[in-house]
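The following paragraphs lead the reader through one structure, beginning with a pocket and moving on to strands, surface and backbone. Please keep the sequence and the coordinates in view.

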Amino acid sequence: MYKYIALLSAAFGFSSISFAQTENVTLPYAYDHYQKYNPQVYNKTQRFHSAIKPFYGDHVSLENAVDSVSFTGDSLRRTWLGRKLFQQHLIEVNKDDYQIYADFLPDFTIGYDQDLDRSTWLNTRGYQIGVKVGDKFSFYTSGYENQGVFPAYITNFIDQNQVIPGQVGGKLGKLEKDWAYATALLSYTPNKYLNFALGYDKNFIGDGYRSLLLSDAAANYSFFRLRASLGNLQYQTVYAYMLDPGAPRLTNDRRLGDRGKWGAFHYLDWNISNRWSVGFFQGITWADAEPEGKRGFDFNYIHPFVFLRPIEGANSTSPDKMRLGLNVKYELLEKTAIYGQFMIDEFTAKEFFSNKGYWANKWALQLGFRGSDLFGIKNLNYLGEFNTARPFTYAHFDRVSNYGHYNQPLAHPYGANFRELVGMLNYSYKRFDFSGQLLYAYYGLDSAGENYGKNIFLSYDDRSLNYGSRVGNGIATDLFFVKGKVAYILNPKYNLRLELASALRSETNGIGSAKTGIISFGLRSSFRSFYDDF
C-alpha cells in the first residue's frame with residue numbers, strides 16, 4: 001500500500017519539498033509584456049505552470065524577473081520627481097500590513113491610415129489602483145474613458161459587431177467612437193495552496209500567442225475563479241457570466257438589458273517533469289434565459305473536480321454545449337519550448353474516417369514553438385505558431401450558448417473556418433523595446449444568406465452544406481499582416497512609453513482586395529492586450 005502511495009507522490013509531486021505556490025498579486029496579462037519572462041517560464045531547469053494566465057507576480061520563479069523588467073536599481077533617476085516620472089507609481093504607500101498604489105494611465109496616439117486617407121487617433125484617460133492587505137488580500141481596478149478614430153478595417157469591424165475589439169460597446173454610430181472600459185479583481189489567498197478571485201476581467205489558457213481553449217480576445221466578463229496548487233499539479237476553475245448583445249431580445253422591455261449566458265471552464269495542469277507539461281480542459285456554456293423561461297446558473301456545473309460531460313449528459317434534453325481540450329508543452333532545449341492545443345467541439349468517428357468532410361466533425365488545432373535569447377542574443381525572444389479551426393467549430397444551434405461573448409469569440413478572434421501562421425520577434429535593450437510580427441491567414445467568409453461556418457454567431461442549423469465542409473468554404477480569402485513597433489519605456493511600473501508603430505494589411509478574395517498601410521505614434525501606458533491583426 002505504502003509503495004503505491006510513494007509512486008503516486010513521485011509522479012504528481014506530492015512531497016514536502018516540491019509544493020507549488022499560489023500567490024496573491026497578479027500580473028495583468030499582455031503577450032508583449034509576458035514574453036519578457038520567457039527565460040524564467042520556458043526553462044527546462046524548473047517547473048512552471050505556464051499555461052494558466054495571468055501569473056502571480058510574487059511566484060518564486062518570477063521574483064527576480066519582475067525586478068529586472070521593472071528596472072529596479074536604475075541609478076539614473078535620483079531625484080523625487082525623476083523617480084515618480086520614470087521609476088515609481090504616482091501615488092505609493094508602503095506600510096507593514098498594507099500597500100497602496102495609484103497611477104494615471106494615458107493613451108494618446110496620432111496616426112495615418114492609407115485606406116481612409118485621413119488621420120487616426122486615440123484619446124484615452126485612465127487610472128489604476130492597487131491595494132494589498134497582508135499576505136492574503138489584494139485588490140486591483142482600472143478604468144478608461146476613450147474617444148478615437150480607427151483604421152478602416154477596424155472601423156468596419158466595430159460597425160458590424162457593435163463592439164470595440166477586446167473592449168466593450170458604446171457610442172459607436174459615427175466615425176469617431178466613444179466608449180468606456182474597466183477592470184477589477186479581488187483576490188484572497190488563505191494559504192499557499194489556494195487562491196480565490198472575484199473579477200471583471202479576462203482569462204487565458206495556453207502557451208501560445210493565441211489560445212484555442214480560452215483567450216483574451218473578447219471583452220471583459222464577470223467571473224469567480226478558484227486556483228489550487230499542490231506539488232506538480234495546478235487546477236483552475238472559472239465560473240463566468242457573459243453577455244450577447246447581438247442576440248434577439250426576449251422582450252421589448254429595455255430594463256432587462258442584453259441577453260445573458262453562463263460559462264464554466266475547468267483546467268488541470270500537470271508538470272510531468274521539468275520538460276513535460278500536460279493540461280486538460282473542459283468548458284461548457286449555456287443561455288441564462290430562453291423564450292420558454294429563465295434558467296439562470298445551473299448548479300449541476302458547480303462541482304469543480306469532476307468531468308462535466310456526464311453531468312451535462314444526465315439531462316436527456318440538455319441544450320448546453322460542452323467542449324474538451326488538451327494543452328501540451330515540452331521544453332525542447334534550454335530556452336526553447338514546443339507547445340500545442342487540441343480542442344474537440346463535436347466528433348463523429350464514422351463520419352471522420354469516411355473522409356467526406358462531414359460538417360459536425362468540429363475541432364481546432366494549435367502547434368507552435370517559442371523561446372528566448374535567439375542566436376545567443378540576450379532578450380531576443382521569438383515565437384512561431386500555426387492555428388486552424390474547422391468550419392462550425394465553437395458555433396451552436398442557439399447563438400446565446402455558442403463559444404462567444406459580446407459579439408466576439410472566446411477562443412481565436414477569427415472564429416472558425418481558418419488556417420493561420422504567425423511569427424513574432426521581440427527584443428529589449430535597456431528601456432527600448434522592439435517587436436515585429438508576420439501573419440498569414442486563409443479563411444472562408446460567409447456570403448450574404450449563406451453559412452459556411454466562419455461566423456460562430458450563426459446557428460449551425462442554418463448551415464449551407466452537410467458534406468464537403470473544409471477550411472476555405474465560402475468566399476476563400478487570403479490575409480497578410482505585417483507589423484513593427486519601437487517603444488521607449490518611460491516608467492515600467494505601468495508601462496508608460498513612447499511608441500512608434502507601423503502596419504501593412506492586405507485582404508484578398510474573389511470579390512476584391514483591401515490593402516492599407518498604417519503608421520502611429522503616441523504616449524501609451526498600461527498592460528492591456530488588444531488585437532488588431534484580423
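Helices, of at least four residues, and strands, of at least two, are taken here as DSSP runs and are numbered from the N terminus. The model to which these names apply is predicted.

The second largest pocket offers a starting point. Its volume is about 1,200 Å³. Of the 38 residues in its lining, those closest to the centre are Phe157, Gln160, Asn161, Leu445 and Lys454. Which element gives the largest share of this lining? That element is α6, with six residues. Helix α6 covers residues 152-161. At least two lining residues also come from each of β21 (408-409), β23 (432-445), β25 (496-509) and β26 (513-524).

One of these contributors, β25, contains Ser502. With a relative accessibility of 38%, Ser502 is classed as partly exposed, because that class lies between the limit for buried residues, under 20%, and the limit for exposed residues, over 50%. Ser502 and Gly484 are separated by 18 residues in sequence, while their C-alpha atoms are 5.5 Å apart in space.

Attention may now pass to a series of antiparallel strands. Strand β3, residues 98-113, runs antiparallel to strand β4, residues 118-133, and 16 bridges join the two. Within this pairing, Tyr98 faces Val133 of β4. Four residues lie between the strands in the hairpin of β3 and β4, and Asp117 adopts a positive phi near 55 degrees there. Strand β4 is also joined to β5, residues 137-149, by 13 bridges, again in an antiparallel arrangement. Here Lys132 is placed opposite Ser138 of β5. The hairpin of β4 and β5 has three residues between its strands, and Gly134 in the turn shows a positive phi of about 60 degrees.

These strands also contribute to the surface. A nonpolar patch of about 910 Å² is formed by Tyr98, Ile100, Tyr127, Ile129, Val133, Phe137, Phe139, Leu186, Tyr188, Leu198 and Phe224. Tyr98 and Val133, which stand opposite each other in the pairing of β3 with β4, are thus both members of the patch. Each of β3, β4, β5 and β7 (177-191) provides at least two of the patch residues, and the largest share, three residues, is that of β4. Leu198, another member of the patch, is located in strand β8, which spans residues 194-201. Is Leu198 buried or exposed? Its relative accessibility is 51%, so Leu198 counts as exposed, since the limit for that class is over 50%.

A further antiparallel group is centred on β11. Strand β10, residues 221-230, is linked to β11 by nine bridges, and the two run antiparallel. Ser229 faces Gln234 of β11. The hairpin of β10 and β11 has two residues between the strands, and Gly231 takes a positive phi near 60 degrees in this hairpin. Strand β11 is additionally joined to β12, residues 259-271, through 12 bridges, and this pair is likewise antiparallel. In this second pairing, Tyr239 stands opposite Ala264 of β12. Why is β11 described as largely enclosed by the rest of the structure? The reason is that 10 of the 12 residues of this strand, which covers residues 233-244, are buried.

Several backbone features in loops complete the account. Lys53 and Pro54 are joined by a cis peptide bond, with omega at about 5 degrees. Pro54 belongs to the loop between β1 (52-53) and α4 (63-69).

Two further loop residues have a positive phi without being glycine. For Asp373, phi is near 55 degrees, and this residue lies in the loop between β18 (362-371) and β19 (380-389). The relative accessible area of Asp373 is 15%, so the residue is buried. For Tyr406, the positive phi is about 50 degrees, and the residue is placed in the loop between β20 (404-405) and β21. Tyr406, at a relative accessible area of 13%, is therefore buried as well. Strand β21, which borders that loop, is among the elements that supply at least two residues to the lining of the second largest pocket.

Conventions: Residues numbered from 1 in each chain as written. Predicted model: local features only at pLDDT ≥ 70, side-chain atom pairs only at ≥ 80, totals over all residues. Heavy atoms only, no water. Pairing = 2+ DSSP bridges. Patch = residues over 30% accessible without salt bridge, like charges linked within 9 Å, V, L, I, M, F, W, Y side chains within 5 Å. Areas by Shrake-Rupley, 256 points an atom, 1.4 Å probe, with all protein chains shown as cover. Salt bridge = Lys/Arg side-chain N within 4 Å of Asp/Glu carboxyl O. Buried < 20%, exposed > 50% of the residue type's maximum accessible area, 1.4 Å probe, protein only. 1 Å grid on protein atoms, 1.4 Å probe; cavity = no way out; pocket = protein on both sides within 12 Å on 5 of 7 lines; lining within 4 Å. Points joined across faces, edges and corners; volume = space filled by probe spheres on them.
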